[in-house]
Amino acid sequence: MKKILVSYFSASGVTKNTAIRLKNLLNSDIFEIEPLEPYTDEDLNWMNKNSRSSFEKTRDLFFSIFSAEPWNDDWSDKEQLNTYIKELMGNFNSLSYGLFLEDELI
Ligand SMILES: Cc1cc2nc3c(=O)[nH]c(=O)nc-3n(C[C@H](O)[C@H](O)[C@H](O)COP(=O)(O)O)c2cc1C
């Protein structure tokens, strides 16, 4: 017999309610994914660009883009990545540049 597991993360309870309904519907097991460091309400304030969740969203997006082609940057040092993103987000005068070979960004 097939076993089904509904696993979920829910910051404020919305997804939790859906997961419980799904579990009841499927008659499955259920597992809540919990963060190692719990989120406060202020951490979850996604309208605040300086909140923990805004920072993490920006950092993870940056990581997924710049660790892949064509950049392949090495961001395996998480401390270095955190520091870099903090500086980037806190400095609205940051300077960015691209290197072009003929018409192509390299
Ligand atoms: C960290 C975080 C980021 C969010 N970002 C957005 C967003 O960019 N746009 C939006 O419309 N809602 C956003 N929301 C609202 C959630 O999508 C919405 O409240 C959802 O129902 C939360 O489900 P949950 O409480 O189960 O985690 C965000 C919520 C959280 C906690």
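Proline 70 sits in the loop that runs between helix α2 (52–66) and helix α3 (78–90). Start there, because this is a predicted model and the loop has two backbone details you can look up for yourself. The peptide bond between glutamate 69 and proline 70 is cis, with omega at about 0°. A little further on, asparagine 72 belongs to the loop between α2 and α3 as well. Its phi is positive, near 50°, and asparagine 72 is not a glycine. Both details go against the usual pattern: most residues other than glycine have a negative phi, and most peptide bonds are trans. Is asparagine 72 buried or exposed? Asparagine 72 has 8 other C-beta atoms within 10 Å, so it counts as exposed.

Now follow the chain into helix α3, which holds glutamate 79, for one. With 7 other C-beta atoms within 10 Å, glutamate 79 is exposed. Measure across from there in your viewer and you'll find the C-alpha of glutamate 79 23 Å from that of glutamate 42, with the two positions 37 residues apart in sequence. Leucine 88 is also found in helix α3. It is a partly exposed residue, because 14 other C-beta atoms lie within 10 Å; the cut-off for exposed is 12 or fewer. Leucine 88 and arginine 59 are 29 residues apart in sequence, and their C-alpha atoms are 10.0 Å apart in space.

Glycine 90 is part of helix α3 too. Its 10 C-beta neighbours inside 10 Å make glycine 90 exposed. From here you can jump to the other part of the model: glycine 90 and isoleucine 4 are 86 residues apart along the sequence and 44 Å apart from C-alpha to C-alpha.

Isoleucine 4 lies in the segment before strand β1. Buried or exposed, which is isoleucine 4? Isoleucine 4 counts as exposed, since it has 12 C-beta neighbours inside 10 Å, and 12 or fewer is what exposed requires. Its C-alpha is separated by 18 Å from that of asparagine 17, a residue 13 places away along the chain.

Just past isoleucine 4 comes strand β1 (residues 5–8), which runs parallel to β2 and is joined to it by 4 bridges. You can pick out the partners by eye. Leucine 5 stands opposite aspartate 29 in β2, and tyrosine 8 stands opposite glutamate 32 in β2. How do you get from one strand to the other? Together, β1, α1 and β2 make a β-α-β unit, and that unit is right-handed.

The helix in that unit, α1, has 13 residues. From first C-alpha to last, α1 reaches 19 Å, which is close to the 18 Å expected at 1.5 Å a residue. Right after α1 you meet asparagine 27, with a positive phi near 55°. Asparagine 27 is in the loop between α1 and β2 (29–32), and its positive phi comes although it is not a glycine. Asparagine 27 is exposed because it has 7 C-beta neighbours inside 10 Å.

So much for the pieces; how does the domain assignment divide the chain? It gives domain 1 (1–34) and domain 2 (40–106). The C-alpha centres of domain 1 and domain 2 lie 32 Å apart.

That brings us to the ligand. Which residues are around it? They are Ser10, Ala11, Ser12, Gly13, Val14, Thr15, Lys16, Leu44, Trp46 and Ser53. Domain 1 and domain 2 each supply at least three residues of this shell. Helix α1 (residues 14–26) gives the most to the shell, with 3 residues. By character, the shell divides into 4 nonpolar residues, 5 polar and 1 charged.

How values were computed
Residues are numbered from 1 along each chain as its sequence is written. This is a predicted model: local features need pLDDT of at least 70, side-chain atom pairs count only at pLDDT 80 or more; totals for chains, interfaces and linings use all residues. A residue is near a molecule or strand if its C-beta atom, placed from the backbone, lies within 6 Å of it. Helices (H or I, at least four residues) and strands (E, at least two) are DSSP runs, numbered from the N terminus. Ala, Val, Leu, Ile, Met, Phe, Trp, Tyr, Cys and Pro count as nonpolar, Asp, Glu, Lys and Arg as charged, and the others, Gly among them, as polar. Domain bounds come from an automatic or database domain assignment. A residue is buried if 20 or more other C-beta atoms lie within 10 Å of its own, exposed if 12 or fewer, and partly exposed in between; C-beta atoms are placed from the backbone. Two strands pair if DSSP finds at least two bridges between them. A crossover is right-handed if, with the strands pointing away from the viewer, the path from the first strand over the helix to the second runs clockwise. The expected span of a helix is 1.5 Å times one less than its number of residues.
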